[in-house]
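Visitor: I should like to understand how the terms used for a structure are justified. Please show me the structure and set each value against its definition.
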Amino acid sequence: MKIAFATLGCKTNQYDTSLMCDDLREENDIIPFDRKADVYIINTCTVTHKADYQSRQLIRRAIKNGKDAKIIVTGCYAERQTDELKALGVHAVIGNKGKNHISEYLNNILSCKTDSVCHTDNKTIRCKATFNTARTRAFLKIQEGCNYSCSYCIVPTVRGQSRSASIVNVYEEVKTLVDTGYKEVVLTGIQLGAYGKDLNPKTDIVELLEELLKNEGQFRIRLSSIEPHDVTTKLIELIKYNPKICRHLHLPLQSGDDDILKKMGRNYTSSYYKELIMTLVSEIPEIGLGTDIIIGFPNEKETNLQNTYNFLNNLPFSYFHIFRFSERPGTSIYGIKNNVSLEKIKERSKILKLLNERKSFSFKERHLGKGLNVIVEDKIDSSGYLSGLSDNYIRLHIKTLGDFVGKVINLRVKGFEEGILIGEKINT
């Protein structure tokens, strides 16, 4: 059969889709989503109204492209709105747990057996290497679920509580990826810093990293998003003294205003977060730091926004992602009247977007003339050049170097050309 996938949302969702592709590829053809397929599988997100809308758009597109095709919807939207999705005309709605059994579900659907919904399993996690043709960066999910209870967030409901893969399991999968030729492994999870707290005996992300560093060969490990409270002194030291761990952290902030942080249930203050950032840049001067910001939280005032703006402006972030607040049924803040209009949210988002562009440019500019270790990727981007990522998350574009695709090379940051950052090989 010809099977087409579409994915919305986080890196964890992208990883889950890769595993489903691997499960079905041996006996089927995986084709692009815009082509006519026998089966369309849509891995949805539900973190915002927009994500719900985009999920429905993909479903309608699949129905239009393949009139006789089977439409399967999975992911977080599937966990939350089973009946709504079935009303759109899909053939099966499968929760997050069901992703691990996609082949079995597909056989049942094709056999015209009763469709069923398999909701989140709070006890297990599938940690398995998934491969792509580029052989440069690989994602590996080592943790699932979240134990936090932020007032605006639906993720713990649709993903369940935190559960972790064993250290032995993660080690073997990383070894497989490294032995296969991957130069970077990105460890992903919903609450990555909660890794190991549910295992017996308990462990943590630092012990896992120390074990993974025992793998031989040239590779590096990158952590995806991690909560501020989960960044410990031991983790900072490990990043500082081990070049195989990328000098890059993504630390969700959500707001730089203490009043909003309290209403969000974030369990830290802006001063705590600031102290953490200053410690990181003091210990690891070239570290790349990213964050997330929510704009338009219920009854957010101009002063709240100004506090967030000043906070972001005064700290050495290399980038941040901006999200518009989206009310989610099932969260503790659901139903609270919000006097922040959509027009005002758009206006505030533009202000922060401009600040983000300036901060990003400033971080890159600081590296002019310096050398960075970059993994050259096997694709030509929109600039017409090859490109690659440094360990501190700077994308460099390379005019030639085809022989170095998939390898880690040292590039000097040469300068900007038509808005893109150019690197040149340092001859040694």
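Visitor: What makes the pair Glu227 and Arg266 a salt bridge?

Guide: A salt bridge is a side-chain nitrogen of Lys or Arg within 4 Å of a carboxyl oxygen of Asp or Glu. The side chains of Glu227 and Arg266 meet at 2.7 Å, N to O, so the pair satisfies that definition. The model is predicted: local features need pLDDT of at least 70, side-chain atom pairs count only at pLDDT 80 or more, and totals for chains, interfaces and linings use all residues. Residues are numbered from 1 along each chain as its sequence is written, and side-chain values use heavy atoms, with hydrogens and water left out.

Visitor: Which parts of the chain does the salt bridge of Glu227 and Arg266 tie together?

Guide: Glu227 lies in the loop between β10 (220–223) and α9 (233–241), and Arg266 in the loop between α10 (258–264) and α11 (270–283), so parts 39 residues apart in sequence are tied together. Helices (H or I, at least four residues) and strands (E, at least two) are DSSP runs, numbered from the N terminus.

Visitor: Why are Glu227 and Arg266 called buried?

Guide: Buried means under 20% relative accessible area, exposed means over 50%, and partly exposed lies in between, with a 1.4 Å probe and protein chains only. Glu227 has 16% and Arg266 has 6%, so both are buried.

Visitor: How do you know that Glu286 and Arg366 form a salt bridge?

Guide: Their closest N and O atoms are 4.0 Å apart, and the pair is counted as a salt bridge. Glu286 is in the loop between α11 and β12 (288–295), while Arg366 is in the loop between α13 and β14 (371–380), 80 residues apart. With a relative accessible area of 37%, Arg366 is partly exposed.

Visitor: What makes Glu302 and Arg348 a link between helices?

Guide: Glu302 lies in helix α12 and Arg348 in helix α13, so their pair ties together parts that are 46 residues apart in sequence. The N to O distance in this salt bridge is 3.2 Å. Glu302, at 42%, is partly exposed, whereas Arg348, at 4%, is buried.

Visitor: Why are α12 and α13 called roughly parallel?

Guide: Axes are lines fitted to C-alpha atoms, for helices over the stretch in contact, and angles run from 0 to 180 degrees between N-to-C directions. Angles under 35 degrees count as roughly parallel, over 145 as roughly antiparallel, 65 to 115 as roughly perpendicular and the rest as oblique. The axes of α12 (residues 302–314) and α13 (residues 342–365) come within 10 Å and cross at roughly 10 degrees, and the two helices are therefore roughly parallel.

Visitor: Which residues of α12 and α13 make the contact?

Guide: Contact means heavy atoms within 4.5 Å. Among the residues involved are Leu305 and Tyr309 of α12, and Ile351 and Leu355 of α13.

Visitor: How do you know whether Ile63 is buried or exposed?

Guide: Ile63 has 31% relative accessibility and therefore counts as partly exposed. This residue lies in helix α2 (residues 49–65). Leaving aside neighbours within four places in sequence, Ile63 is in contact with Ile71, Leu88 and Gly89.

Visitor: What makes a set of residues a nonpolar core?

Guide: A nonpolar core is a set of buried Ala, Val, Leu, Ile, Met, Phe, Trp, Tyr and Cys residues joined through side-chain atoms within 4.5 Å. The largest here has 60 residues, and those with the most contacts inside it are Val170, Leu187, Leu249 and Leu251. Apart from it lies another core, of 21 residues, including Tyr40 and Val73.
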